[in-house]
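Here is a short round of questions and answers about how labels are earned from computed values. Have a look at the model first, then read on.

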Amino acid sequence: MNKSIPLLCSLALLAGCAQNIGANDYATANVNQVNVTKMCKVISVRQVKVQNDDSTGATLGVIAGGVAGSQIGNGSTAGVLGALGGALVGGVAGELAEKGLTTQTGYEYVVQLDQGGFVTVTQGDDVLMTPGQRCLVIYGNQARVIPYNGGY
C-alpha cells in the first residue's frame, strides 16, 4: 500500500472540517476590533442550511483515489484503469465526506433597525431568537444578531 494514501485521506478529512458560524464564535482576527452595533427588533426567523462551497475534499479524494487505484497492475493498462476508477470513486467519496462534515444548520434573521431600515444576517444555530424580540445587530467582518438584555 502506498504510504501517501493515509496522508491524503487525513488531509481530506481535515480540509472538510466545518467552521464555527455561531453568534458566540469569533475568529481570532476579529478579537479586539471595534464594531458598530445598532438596536433592532427581529422581524423574521428562518432556518437555513449553511454549507461550504470549497471543493478541497473532492480534489483530495481524486488524488488519493487515483494514487490508490494506480497500484493495481503495477503500471499496466489495469493500473491506468485502476487510477481512473480510483480517482472517480475518490472524488465522489471526498465530496460526500466534505459536505457531510461542513453542512450546518443556521438561522437567517431579518431585523428592523430602530433608526429605520432592515438588514439580514445569517449565522449558526447557537442563539435562537423569535419575531418581535429586541436585539442588537453587530456590523463587522463577522456580522451577527444577538439578544438585547438590558435597559436603555
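Q: Where is Asn-32 found in this predicted model?
A: Asn-32 sits in the loop between helix 1 (4-15) and strand 1 (37-50).

Q: What makes Asn-32 exposed?
A: Its relative accessible area is 76%, and exposed means over 50%, so Asn-32 earns the label.

Q: What is there to say about the phi of Asn-32?
A: Asn-32 is not a glycine, yet its phi is positive, at about 65°. Most residues other than glycine have a negative phi.

Q: How many salt bridges does a search of the whole structure find?
A: Two.

Q: Why is the contact of Arg-46 with Glu-108 called a salt bridge?
A: The closest N and O atoms are 2.9 Å apart. The cut-off is 4 Å between a side-chain nitrogen of Lys or Arg and a carboxyl oxygen of Asp or Glu, so this pair qualifies. Arg-46 lies in strand 1 and Glu-108 in strand 2 (residues 104-113), so the pair ties together parts 62 residues apart in sequence.

Q: How do you know that Arg-134 and Asp-114 form a salt bridge?
A: Their N to O distance is 2.6 Å, which is within 4 Å, so the definition is met. Arg-134 belongs to strand 4 (residues 134-138) and Asp-114 to the loop between strand 2 and strand 3 (118-124), 20 residues apart.

Q: Why are Arg-134 and Asp-114 called partly exposed?
A: Arg-134 has a relative accessible area of 31% and Asp-114 one of 46%. Buried means under 20% and exposed over 50%, so both residues fall in between.

Definitions and conventions: Residues numbered from 1 in each chain as written. Predicted model: local features only at pLDDT ≥ 70, side-chain atom pairs only at ≥ 80, totals over all residues. Heavy atoms only, no water. Helix = DSSP H or I, 4+ residues; strand = E, 2+ residues; numbered from the N terminus. Buried < 20%, exposed > 50% of the residue type's maximum accessible area, 1.4 Å probe, protein only.
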